[in-house]
Amino acid sequence: MASQNRSSRSSRGTVLLITLGFLVAALMVGGVLWTRSHLTWIKEQRGGSAWSLTYEARSVRGEDRATAVRYRHSPGQYETKQRDERLGSTTLPWSTEVVVNTGAEARVEVTPAGNGIASCRILLDGVRVVAQGASPGPGKPAVCDVITSSTPEKWPR
């Protein structure tokens, strides 16, 4: 009778351990799924959602120089207001990496020297072109602008 009692306890212990294992696994999976579905909300509450963008400018025709380059960016991902920068005479090609908050305007304007024609692009994470433009005529500025996605980590196609 004593060996049957031990076997019964051992069997109950095994069932209990298996049940606890499944419970822990279910809680972990549930936690991961909850976090994935609420990550956007968490970032929005934190107020630090921003996009990493690259502004580029090139000369299409004429001198490899711009008389002015203007661009807009967020000073930091936790600051809501944007800053406009203005550069004087600049050698082309030119590029810079900036941070722009979610739902904010990303903008670069390139004024070519003389009767030149310039082009510009805005790239997401240095790879995906999200805006591009060219001078509408000789000596006219090329303008690229886009409103960044207001949903963190999800830029529309």
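What is the order of the strands in the open sheet of four strands? The order is β5-β1-β7-β8, and the pairing is antiparallel. Before I go on, a reminder that this is a predicted model.

Let me stay with the sheet for a moment. Its edge strands are β5, residues 94-101, and β8, residues 128-134, and each of them pairs on one side only. Neighbouring strands here are turned by 20 degrees against each other on average, with direction ignored.

Now look at one pair inside the sheet. Strand β1 covers residues 50-61 and strand β7 covers residues 117-124. Eight bridges join these two strands, which run antiparallel. If you want a place to put your finger, take Thr-54, which stands opposite Leu-123 in β7.

Next, the core. How many residues does the largest nonpolar core have? It has 25. The residues with the most contacts inside this core are Leu-53, Tyr-55, Trp-94, Val-108, Val-110 and Ile-122. Several elements give two or more residues to the core: β1, β2 (65-73), β5, β6 (105-112), β7, β8 and β9.

Trp-94 is a good one to click on. Setting aside residues up to four places away in sequence, Trp-94 touches Tyr-55, Glu-56, Ala-57, Val-69, Tyr-71, Leu-87 and Val-108. Two of those names, Tyr-55 and Val-108, you have just heard in the list of residues with the most contacts inside the core.

On to the disulfide. As a reminder, a disulfide is a covalent bond between the sulfur atoms of two cysteines. The count in this model is one disulfide. Which cysteines does the disulfide join? Cys-120 is joined to Cys-144, with 2.1 Å from S to S. This pair links distant parts of the chain, since Cys-120 is in strand β7 and Cys-144 is in strand β9, 24 residues apart. The torsion about the S-S bond is about 105 degrees, so this disulfide is right-handed.

Are these two cysteines buried or exposed? The cut-off for buried is under 20% relative accessible area. Cys-120 has a relative accessible area of 2%, so Cys-120 is buried. Cys-144 is at 1%, so Cys-144 is buried too.

While we are in β7, look at Ser-119, which is also placed in that strand. Ser-119 counts as buried because its relative accessibility is 19%. Apart from residues up to four places away in sequence, Ser-119 touches Glu-56, Ala-57, Arg-58, Val-60, Gly-133, Ala-134 and Ala-142. Ser-119 and Val-143 are 24 residues apart in sequence, and their C-alpha atoms are 7.9 Å apart in space.

A second serine is Ser-135. Where does Ser-135 lie? Ser-135 is in the loop between β8 and β9, the latter being residues 142-147. Ser-135 counts as buried because its relative accessibility is 10%. Leaving aside neighbours within four places in sequence, Ser-135 is in contact with Pro-112, Ile-117, Ala-118, Lys-140, Pro-141 and Ala-142.

Last topic: charged side chains. Side chains of opposite charge can pair when their charged atoms come close. How many salt bridges does the count come to? It comes to seven, and I will go through some of them.

Arg-65 and Glu-63 meet in a salt bridge, at 3.3 Å from N to O. Arg-65 is at 31% relative accessibility, so Arg-65 counts as partly exposed. Glu-63 is at 43%, so Glu-63 counts as partly exposed as well.

Another salt bridge is between Glu-109 and Arg-70, where the closest N and O atoms are 3.1 Å apart. This pair links distant parts of the chain: Glu-109 in strand β6 and Arg-70 in strand β2, 39 residues apart. Glu-109 is buried because its relative accessible area is 15%. Arg-70 has 35%, so Arg-70 is partly exposed.

Then there is Glu-105 with Arg-72, where the closest N and O atoms are 2.4 Å apart. This pair, too, links distant parts of the chain, with Glu-105 in strand β6 and Arg-72 in strand β2, 33 residues apart.

Finally, which residues are linked in a network of salt bridges? They are Arg-70, Arg-107, Glu-109 and Asp-145. The pair of Glu-109 and Arg-70 that I described a moment ago has both its residues in this network.

That is the end of my part.

How values were computed:
Residues are numbered from 1 along each chain as its sequence is written. This is a predicted model: local features need pLDDT of at least 70, side-chain atom pairs count only at pLDDT 80 or more; totals for chains, interfaces and linings use all residues. Side-chain values use heavy atoms; hydrogens and water are left out. Two strands pair if DSSP finds at least two bridges between them. Axes are lines fitted to C-alpha atoms, for helices over the stretch in contact, and angles run from 0 to 180 degrees between N-to-C directions. Buried means under 20% relative accessible area, exposed over 50%, partly exposed in between (1.4 Å probe, protein chains only). Contact means heavy atoms within 4.5 Å. A nonpolar core is a set of buried Ala, Val, Leu, Ile, Met, Phe, Trp, Tyr and Cys residues joined through side-chain atoms within 4.5 Å. A disulfide is a pair of cysteine sulfur atoms within 2.5 Å. A salt bridge is a side-chain nitrogen of Lys or Arg within 4 Å of a carboxyl oxygen of Asp or Glu.
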